[in-house]
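Colleague: I would like a close look at one part of this model, with the rest of the chain brought in for context.

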Amino acid sequence: MPIDTIITNGTIVTATETFEADVAVDEGEIVGVGVPSSMPDADEHIDASGLLVMPGVIDPHVHVDDMFSIDTHETASAAAALGGVTSYIDFAWQAWEGDLSIFSEEGTLMEGIKRKRDKAEDAYVDYSFHGAITREDPAVLDELSDAIKAGVPSFKMFTAYEHGLSNGFMHQVIEEIADLDAVGVYHTEDSSVTDMLTERFKKEGRGDPTDYPQSRPDYAEAMAAEDAVRMAQETGAKYYGIHTSCRKSAEVIKSFREDGSEIRAETCTHYTTLTDDVFEELGNLPMIAPPIRKQDDVEAMFTHLSDGTLDVVSTDHCGYKRESKEVENWWDSTFGANALQVSLPVFHDEAVNERGFSYPFLVRVMSRNPAHIFGMPNKGTLDPGTDADIVLFDPDERYTITAEDNASNADFSIYEGREVTGRVKKTFVRGQLVADDGKIVADAGHGEFINRERPDWDV
């Protein structure tokens, strides 16, 4: 009896090597990788001549359908599929009351997980969530084990904004995370510094977008990172630092990782490809926290991706309209920018084409590592028996990024006009072709919730 599909004549890219082989897919799983003569009969053959056959990208840091994104899961996941992203991890919020909140009353973490699962029913790609702890309510400590049972074994904490946590309460959460062998995910900026500087800039009338990066300096990020990672180390908890943007913060992480602690961290596409000159060029459109920084910080991101201090390249995708960005003073702008659709091509062009990094490096930081860190053993690989999440990528096609192509509800791109070499041609999620040559070809709702395991970082 024939299997479903064989992808032929492509160049396989894994986390360790590249080689010529075919990939056999049946009932949503990879069932074989090998020479053509070893392949079974198949109902469909897909010619991947001249293309790279890679595991789908896993983005462990996106914002969808909440206070930080106007995207629905349908629009965000369409952007993801067009960009070769086959799984992402969004945030399920413990409801809080405040100026940034969309909630009318406080709620529980488990209610937040259910709310986000209901919202994600129209996704094209697979998805999961980090539980986001936003209030210093000790009752949340009792919810963590229930969240883990619900397939959510990672928990985000902020050190900034109105939903930031004090070190004392964060320490209590970290202790519980350590006991449960879960993962803590941390947004680290010292709020006392950033809030003070923001108020100073307001009084001084420094509302130009070029002033914004100075209001959230690199040392504020490093200060908070040191506090959080030290607490995780002292309690034995798994630590994942999100959106590392600067040399100072990366060096803090490196200093703790050298002793073998359970510490992992990411940077984002924009911190590896853009400098703060972009605020002069695009105004508030690239206003992201932490800010896009200096060229030396870009270099540091690649240094620390190379030496293993940083493990992952994510997007921190946030969907917004221009109207929420094009305001008189930067402090009235929304924070964040969309990137799911272009992250792979942009990072590929910078890392591989411009800097000479290998294709296995690309797979490690965008596929294998996030799968391993966040407990998704069936993702991020082309191993037989795992999900057939596969991207066919043309490494030679050149094109110019424009917001006119956005599947996201966002109507701008911080990469507008950037010419890149490398384009996603086909994206398969569990064997189903979802995106084909720039078009979505599957039905909304193909995506499934990933019931994640507590990860074992020792293997």
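How many bridges join β14 to strand β15 (residues 419-429), and do the two run parallel or antiparallel?

Modeller: Eight bridges join β14 to β15, and the two strands run antiparallel. Before going further, I should say that this is a predicted model, in which local features need pLDDT of at least 70 and side-chain atom pairs count only at pLDDT 80 or more, while totals for chains, interfaces and linings use all residues. Residues are numbered from 1 along each chain as its sequence is written, and side-chain values use heavy atoms, with hydrogens and water left out.

Strands here are DSSP runs of E with at least two residues, and helices are runs of H or I with at least four, numbered from the N terminus; two strands pair if DSSP finds at least two bridges between them. Within the pairing of β14 with β15, leucine 392 stands opposite lysine 426. Strand β14, which covers residues 390-400, is also joined by four bridges to strand β5 (residues 52-55), again in the antiparallel sense, and there methionine 54 has valine 391 of β14 as its bridge partner. As a general point, the side chains of a regular strand alternate between the two faces of the sheet.

Elsewhere in the chain, strand β6 (residues 57-59) pairs with β7 over three bridges, in this case in the parallel sense, and aspartate 59 stands opposite tyrosine 88 in β7. Strand β7 spans residues 85-93, and because nine of its nine residues are buried, it is largely enclosed by the rest of the structure. Buried means under 20% relative accessible area, exposed means over 50%, and partly exposed lies in between, with a 1.4 Å probe and protein chains only. Threonine 5, found in strand β1 (residues 3-13), counts as buried because its relative accessibility is 7%. Leaving aside residues up to four places away in sequence, threonine 5 touches Val23, Ala24, Val25, Ala42, Glu44 and Ile46, where a contact means heavy atoms within 4.5 Å.

For the setting of these strands, the secondary structure of the chain comes to 13 helices and 17 strands, and 63% of its 459 residues count as buried. Of the contacts with a separation of 6 or more, 75% are between residues 24 or more positions apart. The C-alpha trace spans about 70 × 45 × 45 Å along its principal axes. The radius of gyration of the chain, 21 Å, agrees with a compact globule, because a globule of 459 residues would have a value near 23 Å; the radius is taken over C-alpha atoms, and the globule rule is 2.2 Å times the number of residues to the power 0.38.
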